[in-house]
Amino acid sequence: MLERTRVLLRGGRLIDPSQGLDQPSDLLLENGRVAWLAPAGERRRVEGAVQVLDVTGRVVCPGFVDLHTHLREPGLEHKETIATGTLAAARGGFTTVCAMPNTEPAMDSAAVVRLVLQKARDEGRVRVLPIGCVTIGRQGKQLAEMIELAETGVIGFSDDGSPVVSPQIMRAALTYASSLGLPVIQHCEDPALANGGMMHEGWVASRLGLRGAPAQAEEAMAARDIQLAELTGGRLHLAHVSTAGTVELVRRAKEKGLAVTAEVTPHHLTLTDEWVLGGQGSVDRYTPLGASTYDTNCKVNPPLRTASDIAALTQALRDGVIDAVATDHAPHTTSDKDCTFDEAAFGISGLETAFGLLMRLVHEGRLPLNVLIERLTAGPARVLGKYGAGLGTLRPGSPADVVVLGPDAEWTVDSRQFASKGRNTPLDGVKLKGAMVATLVGGTIAYESPLLRRAAAGRTR
Amino acid sequence: MRQTRSPSHGGLEADRPPAEPRPRAGAATRTPATESVAREAWNQRHLLDVDTLSQEEMSQVLRLAATMEGVLHREVKKVPTLRGKTVLTVFYEPSTRTRVSFETAGKLLSADVINISVPQSSVVKGESMVDTMLTLQASAADVLVVRHPDAGAPYLIARHMRRTAVINAGDGAHAHPTQALLDLFTICKRLGSLAGRKVVIVGDVTHSRVARSDLWAFTKMGAHVVISGPPTLMPWDLLKGCHDDQAHPFHGVDVETDLSKAAQDADVVMALRLQKERHQDGLIPSLREYARAWQVNEAVMKIARPEALLMHPGPMNEGVEISPAVAHGAQSVIEEQVTNGLAVRMAVLFLMATAHEHRQRDAV
């Protein structure tokens with residue numbers, strides 16, 4: 001751990017989409033803020049004591065902002081705590097996480113939110129921004145006391161895990177929240193059409209005899225909510241968009257100028273429903289089932305979709321129709337997953353694999369690296385509105401939240417090494433190309449990998 | 001050979017006790033009659049579905065079932081083949097037919113058969129299924145016969161088993177491999193083989209584990225399968241691309257919702273049980289309309305070939321998916337399916353209970 005208040009990151013390729021920067025630069029962090037960045041050629045004197053990190057050959061960029069994290073505390077500490085979840089975030093390069101309110105009790109009152117904020121101050125390794133419930137107990141019946149929640153600093157409202165089903169409640173929520181300048185973050189799923197579906201409705205579900213949820217269950221609710229956003233003028237953020245159809249709806253909403261934003265998860269950008277067959281996507285869909293089939297670590301809501309959905313999501317991320325990548329980090333215990341597919345909990349523990357997984361898109365030439373970084377930094381910061389000010393950027397004066405990346409560094413996912421309590425990843429044993437070298441929050445190292453090279457402390461040049 | 005059995009083919013010597021206690025469980029304890037069949041390699045560690053079985057492996061089961069059938073026609077219907085083996089039937093959903101069939105099959109082969117009805121035991125105590133299964137494995141079970149309402153449950157169990165073989169006795173809407181094998185056995189006995197035969201499966205195919213396993217088995221054995229039933233209960237996703245793609249496992253399977261067309265020239269007509277919930281789920285308007293359009297009755301059987309077989313996996317809703325007249329008529333092989341089920345399950349239990357010894361060497 002660095003105790004020094006000055007850190008110089010020297011020799012890296014600095015990518016900061018918020019300033020349109022992509023060039024070899026040095027970066028000085030001072031007293032928890034960005035002091036300056038200087039092109040590599042332009043040697044600046046640093047007076048006095050400074051910790052120097054040699055980041056030659058690495059990418060330096062703003063810390064990632066995750067709009068969608070389940071920290072599980074309070075109430076579900078066996079799955080994750082604020083301490084373990086935020087350490088997992090640091091390991092994944094996320095310096096800010098937005099905590100989803102489906103805790104027990106749910107974050108539907110100022111008291112629970114304050115508890116989370118207090119815990120985050122005491123035990124958190126990264127910044128935690130709370131999200132309040134739309135309705136009391138996430139029951140979809142009665143609006144939570146949004147004004148009081150807003151006073152605690154919630155960045156938006158969501159009943160995530162469940163949709164706000166009633167159109168009347170959703171209309172009221174959008175109207176009410178917009179007067180507070182905050183978005184309603186909707187988990188789009190028409191429960192009647194999803195009909196208890198546990199995976200994407202399609203060949204694999206039918207093959208396995210599992211109940212499927214059609215893409216239209218998501219799209220129907222997304223369409224409804226976009227109409228309601230138009231009706232109310234409210235701010236709507238669509239969580240974990242997973243289908244080509246939803247992408248189209250968001251595209252049209254944005255063309256109309258509606259206040260609609262959207263996020264997509266790393267797993268929906270890279271994994272298909274065929275992963276449920278087992279073999280981590282390597283098995284031919286028509287081969288007989290092997291022992292690893294019914295992979296409950298691939299059970300996630302919304303479900304893993306198809307290759308054509310992935311193509312549309314990637315294109316939308318590239319075009320900016322989708323504003324941000326968000327992990328939907330959903331940690332669960334082993335026993336939540338070591339059961340039948342029907343019984344298994346929905347969710348993927350995603351913070352620690354997000355970057356490596358997303359880098360597949362870059363290495364395959366489907367997404368430029370600077371665009372990916374934008375969607376992990378400035379993109380989500382924009383969605384956060386006033387709460388995003390100073391986040392996802394390395395502008396001088398901003399909080400010194402920085403990540404150092406090794407875009408070509410290969411590593412193998414080993415869930416036993418996770419900081420998260422949730423070992424529920426479908427990627428165990430998978431080789432990823434793209435690793436986190438170090439994560440700094442407020443100028444302090446929150447995570448460093450063995451790849452980090454430190455120069456002798458206290459030197460000036 | 002340690003045992004004094006007649007090497008006569010065509011049947012097991014049922015009336016003679018084993019000559020002496022076996023020194024240990026192992027391949028050497030097999031009776032000669034089954035030995036000839038069992039000498040053929042059997043490479044399945046578990047029987048979770050028929051999709052993993054080759055045409056040859058299915059034929060192997062059928063040949064062994066034919067041998068086992070001999071036992072059923074004896075005065076003393078018991079052979080010592082699986083003496084000292086423990087078979088546990090673990091049923092997480094109610095079933096009489098399948099459980100009794102496995103239990104009887106095990107007992108005819110002299111295995112110790114223990115029936116566990118789980119809703120009454122561990123589930124109530126909150127024990128996870130995996131823990132229950134590990135306990136059963138530790139209790140020296142050689143074979144677990146598992147029925148579960150959740151698709152894939154036997155795969156989960158099999159992943160946790162180090163020495164115990166798992167037989168899927170029906171998992172949710174996924175698979176029912178022994179039913180498919182007994183259907184195969186029934187058809188092959190009557191028609192010689194399935195190659196080039198037209199088999200029409202009628203009813204709620206989407207939710208049917210029997211139909212799913214039958215599709216694998218029948219298509220692999222060269223039948224032309226036609227599916228008929230309400231459009232809301234047809235497995236459109238399962239069959240997507242099956243006409244254009246040679247690699248599709250159900251290549252050549254047709255859907256014809258008009259039963260009067262589907263049944264034309266059929267060699268086999270199989271009616272599936274209609275779960276009455278389908279009507280409550282809103283997937284069909286009424287049982288009355290279902291029966292009007294898809295009941296297998298005399299009119300349907302008239303459209304099929306004159307010698308066509310009528311099958312049903314049971315239990316039947318007579319008057320809904322099948323008319324009583326044909327269910328008990330001359331073309332019905334429904335009762336025969338039950339008897340054949342016993343022979344097939346004897347064969348399967350034998351293969352799975354003894355497969356372990358082959359595998360021990362190369363087990364993980």
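# Helix crossings, a chain contact and some backbone angles

Student: Why are α5(B) and α6(B) called oblique to each other?

Tutor: This is a predicted model. In it, the axes of α5 (residues 129–138) and α6 (residues 153–160) of chain B cross at roughly 50°. An angle under 35 degrees would count as roughly parallel, and 65 to 115 as roughly perpendicular. The value fits neither range, so α5(B) and α6(B) are oblique. Their axes come within 10 Å, and the crossing is right-handed.

Student: Which residues of α5(B) and α6(B) meet?

Tutor: On the α5(B) side they are M129(B), V130(B), M133(B), L134(B) and Q137(B). On the α6(B) side they are A153(B), L156(B), I157(B) and H160(B). By class, this contact holds 7 nonpolar, 2 polar and no charged residues.

Student: What makes α7(B) oblique to α8(B)?

Tutor: Helix α7 (residues 177–191) and helix α8 (residues 209–220) of chain B have axes that come within 8 Å and cross at roughly 50°. That angle is again outside the parallel and perpendicular ranges, which means that α7(B) is oblique to α8(B). The crossing of α7(B) with α8(B) is right-handed.

Student: Which residues make the contact between α7(B) and α8(B)?

Tutor: P177(B), Q179(B), A180(B), D183(B), L184(B) and I187(B) come from α7(B). They meet V210(B), S213(B), D214(B), A217(B) and F218(B) of α8(B). The classes are 7 nonpolar, 2 polar and 2 charged.

Student: At what angle do α1 and α2 of chain A cross, and what is the crossing called?

Tutor: The axes of α1 (residues 82–91) and α2 (residues 110–123) of chain A come within 9 Å and cross at roughly 60°. Perpendicular would begin at 65 degrees, so α1(A) is oblique to α2(A). The crossing is right-handed. I82(A), A83(A) and T86(A) of α1(A) contact V116(A), K119(A), A120(A) and E123(A) of α2(A). These residues divide into 4 nonpolar, 1 polar and 2 charged.

Student: How do you know that R207(A) forms a salt bridge with D51(B)?

Tutor: The closest N and O atoms of R207(A) and D51(B) are 2.5 Å apart. The limit is 4 Å between a side-chain nitrogen of Lys or Arg and a carboxyl oxygen of Asp or Glu, so the pair qualifies. The count between chain A and chain B is 1 salt bridge.

Student: How many residues of chain A and of chain B are in contact?

Tutor: In chain A there are 21 residues in contact with 27 residues of chain B. The area buried between the two chains is about 1900 Å², and carbon and sulfur atoms give 54% of that area.

Student: How do you know that the peptide bond from N301(A) to P302(A) is cis?

Tutor: Its omega is near 0°. P302(A) lies in the loop between α9 (266–270) and α10 (307–319) of chain A. In chain B, the peptide bond from G314(B) to P315(B) is also cis, with omega near -10°. P315(B) sits in the loop between β9 (309–311) and α14 (324–327) of chain B.

Student: What is the phi of R72(A), and where is the residue found?

Tutor: Phi of R72(A) is near 70°, a positive value, and the residue is not glycine. R72(A) is in the loop between β6 (64–69) and α1 of chain A.

Student: Why point out a positive phi and cis bonds?

Tutor: Most residues other than glycine have a negative phi, and most peptide bonds are trans.

Technical notes:
Residues numbered from 1 in each chain as written. Chains lettered and ligands numbered in written order. Predicted model: local features only at pLDDT ≥ 70, side-chain atom pairs only at ≥ 80, totals over all residues. Heavy atoms only, no water. Axes fitted to C-alpha atoms, helices over the stretch in contact; angles between N-to-C directions. Helix = DSSP H or I, 4+ residues; strand = E, 2+ residues; numbered from the N terminus. Parallel < 35°, antiparallel > 145°, perpendicular 65-115°, else oblique. Left-handed = near helix turned anticlockwise from the far one by under 90°. Contact = heavy atoms within 4.5 Å. Nonpolar A, V, L, I, M, F, W, Y, C, P; charged D, E, K, R; others polar. Buried area = accessible area lost by both parts, 1.4 Å probe.
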